[in-house]
Amino acid sequence: MEKHVSVLGAGVMGSSIALAYALGGWQVHLYDVADPFLLRAQNTIQQHLALLTENHLQTQTAVSGVLARIFYTTQLAAAVVDSELVTECIPEVLTDKLQIFHQVEALVSSNVLLASNTSSLRLNDLTTDARHPERFAITHFFNPANLVPLVEVLISPQAPMDTTDRLLQILVGIGKRPILLHKEINGFVANRLQAALLREAFHLVEQGVCTFAELDQAVSSGPGFRWPFVGPFATVDFGGLDTWNRVCENIFPTLNNATTSPTVLQQLHYQGHLGIKTNQGIFSYNQENVRQSLQQRDHHLAQLLKLRE
Ligand SMILES: NC(=O)c1ccc[n+]([C@@H]2O[C@H](COP(=O)([O-])OP(=O)(O)OC[C@H]3O[C@@H](n4cnc5c(N)ncnc54)[C@H](O)[C@@H]3O)[C@@H](O)[C@H]2O)c1
């Protein structure tokens, strides 16, 4: 059998990670526990591809090739045998992830790379029972993984250098922009930054400085407008370190430093308002505008990707 990559769990992340690999030229074996989950993934993948053709990022012929490269299966052995890299995307439950890695290790040879897309679990905990911990990694993709270029990578400290190189080469080869973390930290880099911004954002709304909508506008029309091309450190260089040093000295003592989740977020969560999943979160939705908002988000991301390329 030809070498391929495997993706385990065909949900939100698994389907778009499978698509990212298939777009990058890999044969992909996508595994889930039951056919309805695979059918749902197949629909999602077709919708993502339709968006890429509408935005002239793929041709119809290329799309047929991509679709033909994805093999859907409910058989774990069929998914992982002869795989080069297995990426686990099942729910964020440590015992479930340990169990599936245990099963996979019994099915693949010792040089196959095993990666988790976990958002919050530690690599050390994921490899507790591993036969070969040195081939384990975390590859943290962002939703939708077929459009967002960043992948945060953490690799076992026991991994030989060529394992790290191999993994990074695979990610670069599918058009991703991986960053290799030098050490493990809760939330990696990007989610820590998002959490720091959210803490202050909720605080500003709670203090009556602005509304939720105004805050979103302040980010997307202000710093966020620059961020696709100029990161925070380059922004400091462009603005002048003398200015930024004074700004930090003046503002840092007034920033929120809470260590609990924002009150409004807790309240909405416990009232069952989960965002687009329930049509009510910080903003209100209906089925029609959820579909439109998601399409619009992906359309804009596709345009941005084209611009960056
Ligand atoms: N959703 C995000 O934005 C996001 C971003 C980055 C990382 N992650 C991480 O990615 C992982 C998956 O998250 P998601 O949002 O795709 O979840 P999801 O609930 O959308 O999908 C999980 C899929 O795994 C399947 N599954 C459950 N148990 C399984 C098993 N034993 N074997 C095979 N498949 C199984 C489910 O049927 C489902 O299709 C989690 O670890 C999550 O923390 C999520």
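This passage walks through the ligand shell, one helix that contributes to it, and a few backbone oddities in a predicted model.

Start with the ligand. A total of 21 residues surround it, and Gly9, Gly11, Met13, Ser119 and Asn143 are the closest of these. By type, the shell breaks down into 11 nonpolar residues, 7 polar ones and 3 charged ones. Two helices, α1 (12-23) and α5 (94-107), each put at least two residues into the shell. The largest share comes from α1, with 3 residues.

Helix α5 is worth a closer look. Its 14 residues should span 20 Å at 1.5 Å a residue, and the C-alpha atoms at its ends do sit 20 Å apart, so the expected and modelled values agree. Along α5, the buried residues are Lys97, Ile100, Phe101, Val104 and Glu105. These residues take up an arc of only 140 degrees around the axis, which means they lie on the same side of α5. That pattern fits ordinary helix geometry: an α-helix has 3.6 residues a turn, so residues three or four places apart point the same way. Thr95, His102 and Ala106, on the other side of α5, are exposed. As for what covers the buried residues of α5, the list includes β1 (4-8), α4 (76-80), β4 (83-88), β5 (113-116) and α6 (123-126).

Now for the backbone oddities. Asn143, already met among the closest residues to the ligand, is joined to Pro144 by a cis peptide bond, with omega near -5 degrees. Pro144 itself belongs to the loop that links β6 (136-141) and β7 (150-155).

Two residues that are not glycine have a positive phi. For His56 the angle is about 60 degrees, and this residue falls in the loop between α2 (35-54) and α3 (60-68). His56 counts as exposed because it has just 10 C-beta neighbours inside 10 Å, and 12 or fewer is the cut-off for that class. For Asp82, phi is near 65 degrees. Asp82 is in the loop between α4 and β4, both of which also help cover the buried residues of α5. Asp82 has 15 other C-beta atoms within 10 Å, so it is partly exposed.

Finally, Ala218 is part of helix α9 (residues 212-221). Ala218 has 15 C-beta neighbours inside 10 Å and therefore also counts as partly exposed. Ala218 and Asp298 are separated by 80 residues in sequence and by 21 Å in space, taken from C-alpha to C-alpha.

Methods
Residues numbered from 1 in each chain as written. Predicted model: local features only at pLDDT ≥ 70, side-chain atom pairs only at ≥ 80, totals over all residues. Near = placed C-beta within 6 Å. Helix = DSSP H or I, 4+ residues; strand = E, 2+ residues; numbered from the N terminus. Nonpolar A, V, L, I, M, F, W, Y, C, P; charged D, E, K, R; others polar. Expected span 1.5 Å × (residues − 1). Buried ≥ 20, exposed ≤ 12 C-beta atoms within 10 Å, placed from the backbone. Arc of directions from axis to C-beta. Contact = placed C-beta atoms within 7 Å.
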